[in-house]
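Work through the exercises below with the model open. Try each task before reading its solution.

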Amino acid sequence: MDDFAAALGRVRRHAGLTYRQLAERAHYSHPQLIRATNGKQLPTWAVTAAYLTGCGVPADLLPVWRRRWERASRDPRDLVQLLENAESLTDLGAAVAALVRPRSSRTLEQLTGIPRTTIQAWLQGTRLPGRDRLDHLIQATGATPAERSAAARAVDRVTSARADARDQDRLRPGSQDEVRCGRPRVVPAV
């Protein structure tokens with residue numbers, strides 16, 4: 001994020017503009033434009049695009065800056081750590097959502113061919129993605145090899161935890177599986 005903020009600052013200085021002059025051109029307040037270059041917080045893409053346009057960056061270079069902005073919005077160490085710490089379906093969904101942002105589910109569907117509703121269920125933690133399909137999704141968003149590997153391990157871990165929970169459920173006295181096996185159903189005393 002610091003590198004991105006420094007690059008924005010260089011663009012403004014190269015254009016020879018003060019923040020107040022840039023604010024007039026970009027139609028954002030000068031404090032907001034100053035915050036865009038302080039490195040503490042990544043500006044939104046709208047602010048970034050207005051900043052660059054105000055500095056005279058040609059429109060055909062904005063997609064290059066957009067990719068750079070997207071990379072800055074993802075700290076790979078944090079994303080790998082999020083994936084490494086994912087123990088539940090909800091954790092996995094949150095980590096994958098952080099990995100694929102800032103893309104919309106519609107954009108992700110267009111990139112991958114995976115239905116938007118499926119992607120949304122994965123990101124909300126209500127459906128477990130298959131390893132290959134999840135890899136296809138995150139690879140399409142430019143995930144690093146470390147992120148892809150961490151995502152695969154996270155899916156395996158969550159899948160295993162869910163299977164263990166199902167097994168524990170089956171072993172509980174009075175479970176449906178126990179009744180089907182011909183063992184008497186245990187009814188707890190009230």
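The exercises cover one residue, two helix pairs, a loop and some salt bridges.

The model is predicted: local features need pLDDT of at least 70, side-chain atom pairs count only at pLDDT 80 or more, and totals for chains, interfaces and linings use all residues. Residues are numbered from 1 along each chain as its sequence is written, and side-chain values use heavy atoms, with hydrogens and water left out.

**Exercise 1. Place Thr48 and decide whether Thr48 is buried or exposed.**

Step 1. Find the element. Thr48 sits in helix α4, residues 45-54. Helices are DSSP runs of H or I with at least four residues, strands are runs of E with at least two, and both are numbered from the N terminus.

Step 2. Check the accessibility. Thr48 has a relative accessible area of 1%, so Thr48 is buried. The classes are buried (under 20% relative accessible area), exposed (over 50%) and partly exposed (in between), with a 1.4 Å probe and protein chains only.

Step 3. List the neighbours. Leaving aside residues up to four places away in sequence, Thr48 touches Phe4, Leu8, Pro43 and Trp69. Contact means heavy atoms within 4.5 Å.

Step 4. Look at the side chain. The Thr48 side chain reaches the backbone oxygen of Thr44 at 2.9 Å.

**Exercise 2. Describe how α2 and α4 cross, and list the residues that meet.**

Step 1. Take the axes. Those of α2 (residues 19-26) and α4 come within 8 Å and cross at roughly 110 degrees. Axes are lines fitted to C-alpha atoms, for helices over the stretch in contact, and angles run from 0 to 180 degrees between N-to-C directions.

Step 2. Classify the angle. α2 and α4 are therefore roughly perpendicular to each other. The classes are roughly parallel (under 35 degrees), roughly antiparallel (over 145), roughly perpendicular (65 to 115) and oblique (the rest).

Step 3. Name the residues. From α2 come Tyr19, Leu22, Arg25 and Ala26; they meet Ala50, Tyr51 and Gly54 of α4.

Step 4. Sort them. The contact of α2 with α4 holds five nonpolar residues, one polar and one charged. Here Ala, Val, Leu, Ile, Met, Phe, Trp, Tyr, Cys and Pro count as nonpolar, Asp, Glu, Lys and Arg as charged, and the others, Gly among them, as polar.

**Exercise 3. Repeat the analysis for α8 and α10.**

Step 1. The axes of α8 (residues 105-112) and α10 (residues 131-140) come within 9 Å and cross at roughly 105 degrees.

Step 2. That makes α8 roughly perpendicular to α10.

Step 3. Leu108, Leu111 and Thr112 of α8 make the contact with His136, Leu137 and Ala140 of α10.

Step 4. These residues divide into four nonpolar, two polar and no charged.

**Exercise 4. Locate Arg101.**

Step 1. Arg101 is in the loop between α7 (89-100) and α8.

Step 2. Arg101 is partly exposed, at 41% relative accessibility.

Step 3. Arg101 and Ser73 are 28 residues apart in sequence, with their C-alpha atoms 8.3 Å apart.

**Exercise 5. How many salt bridges does the whole structure hold?**

Step 1. The search finds six salt bridges. Each is a side-chain nitrogen of Lys or Arg within 4 Å of a carboxyl oxygen of Asp or Glu.

Step 2. Take Asp156 and Arg131: their closest N and O atoms are 3.6 Å apart. Asp156 lies in helix α11 (residues 145-171) and Arg131 in α10, 25 residues apart.

Step 3. Take Arg148 and Asp135, which meet at 2.7 Å, N to O. This pair links α11, with Arg148, to α10, with Asp135, 13 residues apart.

Conventions
Polar contact = N/O pair within 3.5 Å; in protein donor to acceptor, adjacent residues only side chain to side chain.
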